[in-house]
Amino acid sequence: MDLEATRQGPAGRLRTAMARAAVVACALSLMGCDGVQSALDPAGGDALRIYRLTLVMTIGGSLIFLLVTGLLLYAIFAAPERRVWLGSRRTVIIGGLAFPIVVLSGLLPYGLIVMRDTDVPRSGALPVEVIGEQYWWRVKYPAEQERAEFSTANELVVPVGRPVTVSVTAADVIHSFWIPNFGGKVDMIPGRVNRLNFTAERPGTYRGVCAEFCGDQHARMAFDVVALEPDAFAAWRDEQANPAREPDLPDRARGRELFRAGGCGSCHVVRGTEADGAFGPDLTHVGSRRTIGAGQFPNNVGTLAGWIANTQHIKPGVRMPSYGSFTGEDLRALAGYLESLK
């Protein structure tokens, strides 16, 4: 039993409860500062510079707020003879004129330097094209030296230590491309190409989001950003450029026939087959992706089958219709085929 709260009665217990709630709230807030989608956990040099600027602005602003609030309370409650210095000419010149000029004169060049050194194009950068569509991301890797071009979806894979230049646009409405851990945010506007430059400095999986309201399913438009060591990235890129593998099990072969018979190839590409649709995501290596539905569900046979059968129930408004006519056996075969496309 809290003896202190007992001695203080209901009011004391209420204060104790509020203090504990504040501690829990602060702890939960701090937990949110670290993670795969946090601007407070920078994973690149540009993001680190923006993070430091944020700290300087936040801490400095908080200290100034506390100082001004303290002076205001002092002016209200202090005895007249003790607070008279607040209205002196010297206080007004120092506190009201000199202090703001010095502080703002320091912050302005600091902010301009951060802006100058952030999002700068680098030579030898990896070019990537990202197109925002309702409600998913088309990602293209152009041909580079002897490596062929290819497309993927809802997943941006980059090498650690090599600069990346992402060219972004939109196919329908305005979206916004934002990876909090790598800093910066850039609008995706139909008919216009904007660029974002960053360098991943540690391997890991991060999360990007659409930061501009783009429709009913805006909140469900995310993507994974996977930063790999250079050798692992080169191997991933070579694998992604290959055509789809042939089904190695009878059930998967049946799934491919269902894919053909269902007309899925009218909207989706599966390189190495006759499926050449350009409307939806490239599914050549869909089984290698971590998630489906633009970052909404883990990628496995169960979620793939559920997505195919109930697309409009799971994510209303997406361009893909629900295929509820498939039987459970058909769905398992079709999802098994897609999941095998590593």
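**Entry 1: the strand 6 and strand 9 pair**

I looked up F177 and found that its bridge partner in strand 9 is C210. Strand 6 (residues 175-178) and strand 9 (residues 204-210) pair in the antiparallel sense, and I noted two bridges between them. I keep in mind throughout that this is a predicted model.

I then followed the sheet to which these strands belong, which is open, has five strands in the order 4-10-9-6-7 and shows mixed pairing. At its edges I found strand 4 (155-159) and strand 7 (185-188), each of which pairs on one side only. With direction ignored, neighbouring strands of this sheet are turned by 25° against each other on average.

**Entry 2: the other sheet**

I traced another open sheet of five strands, in which the order reads 3-2-1-5-8 and the pairing is again mixed. Which strands stand at its edges? They are strand 3 (150-153) and strand 8 (194-199), and because each has a single partner strand, one side of each is left without a neighbour in the sheet. From one strand to the next, I recorded an average twist of 25°.

Within this sheet I checked strand 1 (residues 126-133) against strand 5 (residues 163-170), and the two pair in the parallel sense over seven bridges. In that pairing, I131 stands opposite T169 of strand 5. I also looked for what packs on the sheet and found helix 5 (residues 230-241), which touches strand 1, strand 2 (136-141) and strand 3. The direction of helix 5 makes about 100° with that of strand 3.

**Entry 3: backbone details**

I searched the backbone for unusual geometry and stopped at Q134 and Y135, which are joined by a cis peptide bond with omega of about -5°. I placed Y135 in the loop between strand 1 and strand 2.

I also noted D119, where phi is near 60°, a positive value in a residue other than glycine. The location of D119 is the loop between helix 4 and strand 1.

**Entry 4: the annotated transmembrane regions**

I compared the model with the UniProt record, an unreviewed entry, which places the feature "transmembrane region" at residues 54-79 and 91-113. For residues 54-79 I read 92% helix and 0% strand, with the end C-alpha atoms 38 Å apart. For residues 91-113 the span is 100% helix and 0% strand, and the end C-alpha atoms lie 32 Å apart.

I then asked which residues make the nonpolar surface patch of about 620 Å². I listed I64, L67, V68, L71, V84, W85 and F99. Helix 2 (residues 45-77) gives the most to this patch, with four residues, while V84 sits in the loop between helix 3 (80-83) and helix 4 (89-117).

**Entry 5: the annotated domains**

I returned to the unreviewed UniProt entry for its domain annotations, and "Cytochrome oxidase subunit II copper A binding" covers residues 123-239 there. Over residues 123-239 I read 9% helix and 50% strand, with 26 Å between the end C-alpha atoms.

The annotation "Cytochrome c", likewise taken from the unreviewed UniProt entry, covers residues 250-342. For residues 250-342 I noted 40% helix and 4% strand, and the end C-alpha atoms of this span are 17 Å apart.

Notes: Residues are numbered from 1 along each chain as its sequence is written. This is a predicted model: local features need pLDDT of at least 70, side-chain atom pairs count only at pLDDT 80 or more; totals for chains, interfaces and linings use all residues. Side-chain values use heavy atoms; hydrogens and water are left out. UniProt positions are given in the numbering used here, feature names are shortened, and annotations may be inferred rather than shown by experiment. Two strands pair if DSSP finds at least two bridges between them. Axes are lines fitted to C-alpha atoms, for helices over the stretch in contact, and angles run from 0 to 180 degrees between N-to-C directions. Contact means heavy atoms within 4.5 Å. Patches are made of residues with over 30% relative accessible area and no salt bridge: like charges are joined within 9 Å, nonpolar side chains (Val, Leu, Ile, Met, Phe, Trp, Tyr) within 5 Å. Accessible areas come from the Shrake-Rupley method with a 1.4 Å probe; for residues, only the protein chains shown count as cover. A salt bridge is a side-chain nitrogen of Lys or Arg within 4 Å of a carboxyl oxygen of Asp or Glu.
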